[in-house]
Amino acid sequence: MTLRSALNRDVPVAHPGEFAPLRIGPLVVDPPVVLAPMAGITNAPFRTLCRRYSQDRCLYVSEMITARAFVEGHARTLQLASFGPDETTRKSIQLYGTNPETLAQATRILVEEWGVHHIDMNFGCPVRKVTAAGGGAAIPVRPKLLQRIVRSVVASAGAVPVTIKFRKGIDESLLTYLDAGRIGEGEGARAVALHARTAAQLYSGEADWTAIATLKQHVRSIPVLGNGDVFEAWDALRMLRQTGCDGVVVGRGCLGRPWLFGELCAALTGQEPPPPPDLGGVVDAMREHGRLLATFFGEKNGMQQVRKFTGWYLKGFPSTKRLLPALHMVKTLAEFEALLAELPRDVAFPEVALRARRCKDASTQTVSLPEGFLTAREEDVQVEDPAEMDGG
């Protein structure tokens, strides 16, 4: 039987035809579920795992790629921008940058030479080094710059659909999401996605789903996607029903839980989701994830990547903390697999792990912006176009 938290005890699965497929230009995503681009997370190996659990039914977006670094051919950026052998349809990539011309150049390369099927644009990253450079969540503060960037990328993408993702604003005193939605719709974006928190909130508190509903009321001609606090398939059902949005974007809730996409596909198409795996199933997923990372990045770098996932996978399981220090220092695939072999298998998935906080703590911040950024909001000139901010 499906495991549920108390919050979602009485949420029913979708009834037939309740949720329409998500249409982003020529792309059809059924059910309407999108993997959120996350730096250092949604590389090709992780996307492969998510695809397997959901039979490749969702849209799986790459982590953020810096446009200038991509154009200049930085080796790490090119690797992070690459796709796995299983990614032959719905190749999706997220671009970051502040310079419309550089973003347009990167877009043309991605479309004409890399054969991507979808480009998402990052206007929501709250990380200090990004906003301090006038990028990410800072860009919607300057609506004319946002407009020029979106127009440039849409024109360069041709028939390939462009979407934009943003937050509510800088903080509660400076909300920009309605302007961002209006600009995206007006400049030819094929969908807009709102992470219903401000940049100051980072990942703390609860996502404000009422903002998603408000955005949906203002943006009528293209899909509106909601992001924030989808930890269980039932959360996605509640978000869709409460806000009227056209699809859900899943971020932190899937960290260490790639099978969540299989559960989402079931619940949104009227089926009872399968129960989450026991510890043995989790260990199998961890082992496969490690192997995929080692193949993609090479053993040394792959094991460096897998370390951060181990705590997320084992979150809430009793008697696993003793192995975490060694897992966080693992250097070879053989060592990683030997440590996993020490874990018991017949341990049920704990309910407490369903909504356990992963990756980010509950801190907030004062958003760092370039000097004079707020006093010249009508300017359409970028502050800086960084060479490389990829990975994490």
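Which residues does Thr107 touch, not counting residues up to four places away in sequence? The exercises below work towards this and related points.

The model is predicted: local features need pLDDT of at least 70, side-chain atom pairs count only at pLDDT 80 or more, and totals for chains, interfaces and linings use all residues. Residues are numbered from 1 along each chain as its sequence is written, and side-chain values use heavy atoms, with hydrogens and water left out.

**Exercise 1. Place Thr107 and list its contacts.**

Step 1. Find the element. Thr107 sits in helix α4 (residues 100–112). Helices (H or I, at least four residues) and strands (E, at least two) are DSSP runs, numbered from the N terminus.

Step 2. Check burial. Thr107 has 0% relative accessibility, so it counts as buried. Buried means under 20% relative accessible area, exposed over 50%, and partly exposed in between (1.4 Å probe, protein chains only).

Step 3. List the contacts. Thr107 touches Leu95, Ile119, Val153, Ser156 and Ala157, leaving aside residues up to four places away in sequence. Contact means heavy atoms within 4.5 Å.

**Exercise 2. Trace the barrel and the helices on it.**

Step 1. Give the strand order. Eight strands close a barrel in the order β3-β4-β5-β6-β7-β10-β11-β12, with parallel pairing. Two strands pair if DSSP finds at least two bridges between them. Neighbouring strands of this sheet are turned by 25° against each other on average, direction ignored.

Step 2. Look at two pairings. β7 (residues 162–167) and β10 (residues 191–195) pair in the parallel sense over 5 bridges. Here Ile164 stands opposite Val192 in β10. β10 and β11 pair in the parallel sense over 4 bridges. Leu194 stands opposite Gly226 in β11.

Step 3. Check the faces of β11. Val224 and Gly226 lie on one side, Leu225 and Asn227 on the other, and all are buried.

Step 4. Add helices. Helix α6 (residues 143–157) lies across β6 (118–123) and β7, and runs at about 170° to β6. Axes are lines fitted to C-alpha atoms, for helices over the stretch in contact, and angles run from 0 to 180 degrees between N-to-C directions. Helix α9 (residues 233–243) packs on the sheet and touches β11 (224–227) and β12 (247–250); its direction makes about 140° with that of β12.

Step 5. Turn to α8 (residues 209–218). Its buried residues are Trp209, Ala211, Ile212, Ala213, Leu215 and Lys216. Their cover includes β7, α7 (177–186), β10, β11 and α9.

**Exercise 3. Which aromatic pair does Tyr53 form with Trp259, and what does the pair tie together?**

Step 1. Count pairs. The whole structure holds 9 aromatic pairs. Rings of Phe, Tyr and Trp (its six-membered ring) pair if their centres lie within 6.5 Å; planes under 30 degrees apart count as stacked, over 60 as edge-to-face and the rest as tilted.

Step 2. Classify. Tyr53 and Trp259 are edge-to-face, at 6.1 Å centre to centre and 75° between the planes.

Step 3. Locate. Tyr53 lies in helix α1 (residues 44–53) and Trp259 in the loop between β12 and α10 (260–267), so the pair ties together parts that are 206 residues apart in sequence.

Step 4. Compare accessibility. Tyr53 is partly exposed at 30%. Trp259 is buried at 6%.

Step 5. Extend. Ring pairs link Tyr53, Trp259, Tyr313, Phe317 and Phe349 into a cluster.

**Exercise 4. Describe the nonpolar cores.**

Step 1. Take the largest. It has 102 residues, of which Phe123, Phe166, Val250, Phe261, Leu264 and Phe336 touch the most other members. A nonpolar core is a set of buried Ala, Val, Leu, Ile, Met, Phe, Trp, Tyr and Cys residues joined through side-chain atoms within 4.5 Å. Helix α11 (residues 279–297) gives the largest share of this core, 9 residues.

Step 2. Name the second. A separate core of 12 residues includes Val34, Leu59, Val61 and Val249.

**Exercise 5. Where do the backbone exceptions Pro31 and Asp229 lie?**

Step 1. Recall the norm. Most residues other than glycine have a negative phi, and most peptide bonds are trans.

Step 2. Take the proline. The peptide bond from Asp30 to Pro31 is cis, with omega near 5°. Pro31 lies in the loop between β2 (27–29) and β3 (33–35).

Step 3. Take the aspartate. Asp229 has a positive phi, near 70°. Asp229 is in the loop between β11 and α9, and is buried at 14% relative accessible area.
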